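Hi everyone, thanks for making the time. I'd like to walk you through one structure today, so please have a look at it on the screen.

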Amino acid sequence: MAWTAHWRGWSVAIIDRGEANTASRVAAGLVTPITGSRAAASWRWDEFFPTANAFYLRVQKATNSTLWGVESALRVFRSPAERQLYQRKWFDLGPALGPSSIDAELDSEVKRIGLKSPHGICRFSPAARLQTVDYLDVSRRYFEQLGVFFEHDLQCEREIVFGRGNAEFLVEIPALGLAGKKVVFCQGIAARENRFFDELPLHPARGDILTIESPQVHCDRVFHHDAWAVPTARHRFLVGATYDRTPFQASEPVCEDKSNRFRTELMSRWESMVEGKFVSGEHTVLEQRWAVRPASYDRHPLIGPNDSNPNVFCLNGLGSKGTLMAPRLAEMLIEAMEGTAIDPSLLWSRRK
């Protein structure tokens, strides 16, 4: 939202709590055109991907950084049935099935050392990855240099004032000396404690990922099988992710129990994809991280204005597709502030 408004010439300020462990910081930043066991194209791919690609390339240029990479990814088939499904949907039916911008190729000739692939591999493109932590850090530094980034735990009930003082400014935060016309909440699950959007139909979903070292696995690109795996360094991979939508409990015993369970689950998935065993010392877990995604009840985004205050907006509910969808959704929200109607399928209040 901040980048999009900034590029439009708007004055913008960012208020952030500065948390070290958030869904965006744990996320692998994957952008995948074909997802899941149904071999389906990502929702509205031809709308979201071009905007995301242009957006991240522009941020890279503005921050003199390397954050975004576009290349093909692999689907390692888990069974003959899955291979047949991909064959039917992406090759027998061809372009009639989905976006013509997605290219798929069966049984890539590129040798993949260390992967179990008795049923074959499909390579699809374009796929991409955003270095999410680096993206957040360089964005923060950029806006700090402009003097418009504030690390502050905003208390919405007490610190936001509406309609006071100069009529041009409809929203004020006196504690930070800020005044403006609009406020946008991009809070993830924290929105449940925000009186403006406590009705958001969020279904939080915990996700765990592991960093695994496997000296015998040499695959140099993202691959999907019983999980996804992202090469991050020589013989090191991010592996994920779990998707737990049971009621979130922050108590230590519950979290520790879930962490152990999900660690075991991801280790088992990794062993199903590659040669070797943990018990033989052929793989090593270096780190486990988790956070809670702001998923929606139907896994589609939740954006739009507050029912009673049209100067207050939200951008939320992106779940596991935030890297892909956020740039275009930010554009839509900016356009809504300028008078364009929001697609009803994206409005946060659509379930009411």
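Let me begin with a question: how many bridges pair β15 and strand β16, and in which sense? There are 5 bridges, and the pairing is antiparallel. Before I go further, please keep in mind that this is a predicted model.

Let's stay with that pair for a moment. β15 covers residues 228-233, and β16 covers residues 236-240. The two form a hairpin with 2 residues between them. In that turn you'll find His235, with a positive phi of about 65°. If you want a landmark along the ladder, look at Ala229, whose bridge partner in β16 is Val239.

Now to another partner of β15. Strand β14, residues 223-224, runs antiparallel to β15, and 2 bridges join them. Here too we have a hairpin, this time through 3 residues. His224 is the residue to click on: opposite it in β15 stands Trp228. Remember that tryptophan, please, as we'll meet it again.

On to a sheet elsewhere in the chain. It is open, has 3 strands in the order β12-β19-β18, and its pairing is mixed. At the edges are β12, residues 183-185, and β18, residues 302-305, each of which pairs on one side only. From one strand to the next, the twist averages 15°. β18 and β19, the latter spanning residues 312-316, run antiparallel and are joined by 4 bridges. Within that pairing, Leu302 has Asn316 of β19 as its bridge partner.

What packs on this sheet? That would be helix α8, residues 322-337, which touches β12, β18 and β19. The direction of α8 makes about 165° with that of β19.

That brings me to the nonpolar cores. The largest has 59 residues, and the members touching the most others are Tyr135, Trp228, Ile303 and Leu329. So there is our tryptophan from the β14-β15 hairpin, back again. The biggest contribution to this core comes from α8, with 9 residues.

Let me zoom in on Tyr135. Leaving aside neighbours within four places in sequence, Tyr135 is in contact with Trp3, Phe55, Tyr56, Val59, Leu67 and Leu130.

Apart from that largest core lies another one, of 20 residues, including Val76, Val217, Val239 and Trp270. And Val239 should sound familiar: we met it in β16 as the bridge partner of Ala229.

That's my tour, friends. Thanks for listening, and I'm happy to rotate the view for anyone who'd like another look.

Note on methods
Residues are numbered from 1 along each chain as its sequence is written. This is a predicted model: local features need pLDDT of at least 70, side-chain atom pairs count only at pLDDT 80 or more; totals for chains, interfaces and linings use all residues. Side-chain values use heavy atoms; hydrogens and water are left out. Two strands pair if DSSP finds at least two bridges between them. Axes are lines fitted to C-alpha atoms, for helices over the stretch in contact, and angles run from 0 to 180 degrees between N-to-C directions. Contact means heavy atoms within 4.5 Å. A nonpolar core is a set of buried Ala, Val, Leu, Ile, Met, Phe, Trp, Tyr and Cys residues joined through side-chain atoms within 4.5 Å. Buried means under 20% relative accessible area, exposed over 50%, partly exposed in between (1.4 Å probe, protein chains only).
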